[in-house]
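Biologist: Before we discuss this chain, could you put its sequence and fold in front of us, so that each question can be followed on the structure itself?

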Amino acid sequence: MSSTAKKILFIVTTKDDQTFRAGMLNASNLLASDVPVKFFISQEACNFFTKKFLDGAPEGDVTVKGRLTGALKLGAEIIVCRTAIANYGLTADDFIDGVDATKGWMDIVDDQTDLETKVIWVG
C-alpha cells in the first residue's frame, strides 16, 4: 500500500460472484493487517447483501457468503447505496445486519477525495 494511504474504500458495482469474492478476500487480508476497509455497494452488487440472497447462498469460506461473513467479522464497514436499493425495489429491511442502507454517493465524496484513502473499483 502506498505510504500515504491509510484506509481503503472499495466501490463495488459487479454482479459477478467471482469478482465480488476476490474483492472481499482482498478486504479481509487488509483488515487482518489492521487496515480500515469500507465498502460502498452500488448497482446490482447490492443484491449480495440481502437476507434473501444469503439465506439461499452456499456455505463455505470461499463462497460469496463466506467471504462476506469473514470481512464483516474483521470489521469491514458496508454501505449499500440507497439509490440502488430504490432502483432494485428493495428496502433497508431486506439487508443483513451490519449493512448501512442509509447513504448514497454524496455521502462518500469525502472518502473518495481523502488523500489517506485508496479507492479501488470492483466491477
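Biologist: Which residue in β3 is the bridge partner of K38?

Modeller: The model is a predicted one, and in it β2 and β3 pair in the parallel sense over four bridges. Within that pairing, the residue of β3 that serves as the bridge partner of K38 is E77.

Biologist: In what order do the strands of the open sheet stand?

Modeller: Besides its pairing with β3, β2 pairs with β1 in the parallel sense, over five bridges. β1 in turn pairs with β5, again in the parallel sense, over six bridges. β4 (99-100) and β5 (117-122) each have a single partner strand and stand at the edges, so one side of each is left without a neighbour in the sheet. The open sheet has five strands with parallel pairing, and its order is β4-β3-β2-β1-β5.

Biologist: Which residue of β5 stands opposite F10?

Modeller: F10 stands opposite F39 in β2. Turning to β5, which pairs with β1 in the parallel sense over six bridges, the residue opposite F10 is I120.

Biologist: What is the handedness of the β-α-β unit made by β1, α1 and β2?

Modeller: The two strands of this unit, β1 and β2, pair in the parallel sense. Together with α1 they make a β-α-β unit that is right-handed.

Biologist: Are the residues of β2 buried or exposed?

Modeller: On one side of β2, V37, F39 and I41 are buried, and on the other side K38 and F40 are buried as well, so that both faces are covered. Counted along the strand, five of its five residues are buried.

Biologist: Which strand gives the most residues to the largest nonpolar core?

Modeller: This core has 37 residues, of which F39, I41, F49, I78, V80 and F95 touch the most other members. V80, with residues up to four places away in sequence left out, touches I41, C46, F49, I85, F95, V99, D100, A101 and K103. Several elements each supply at least two residues of the core, including α1 (17-32), β2 (37-41) and α3 (64-73). The most come from a strand that gives five residues, β1.

Biologist: Why do the buried residues of α3 line one face of the helix, and how wide is their arc?

Modeller: The buried residues of α3 include V64, K65, R67, L68 and A71, and what covers the buried residues includes α1 and α2 (51-56). An α-helix has 3.6 residues a turn, so residues three or four places apart point the same way. Seen down the axis of α3, its buried residues line one face because they fall within an arc of 165 degrees.

Biologist: Which backbone atom lies 3.1 Å from a polar atom of the side chain of T63?

Modeller: T63 lies in the loop between α2 and α3, and it counts as buried, at 16% relative accessibility. Leaving aside neighbours within four places in sequence, T63 is in contact with R21 and P58. The atom at 3.1 Å from the side-chain polar atom of T63 is the backbone oxygen of P58.

Biologist: How far is the backbone nitrogen of D16 from a polar atom of the side chain of T14?

Modeller: T14 is found in the loop between β1 and α1, and with a relative accessible area of 10% it is buried. Beyond its neighbours within four places in sequence, T14 is in contact with T19, F20, E44, A45, F48, V122 and G123. From a polar atom of the side chain of T14 to the backbone nitrogen of D16, the distance is 2.9 Å.

Definitions and conventions: Residues numbered from 1 in each chain as written. Predicted model: local features only at pLDDT ≥ 70, side-chain atom pairs only at ≥ 80, totals over all residues. Heavy atoms only, no water. Core = buried A, V, L, I, M, F, W, Y, C linked by side-chain atoms within 4.5 Å. Buried < 20%, exposed > 50% of the residue type's maximum accessible area, 1.4 Å probe, protein only. Contact = heavy atoms within 4.5 Å. Pairing = 2+ DSSP bridges. Right-handed = clockwise from strand over helix to strand, strands pointing away. Polar contact = N/O pair within 3.5 Å; in protein donor to acceptor, adjacent residues only side chain to side chain. Arc of directions from axis to C-beta.
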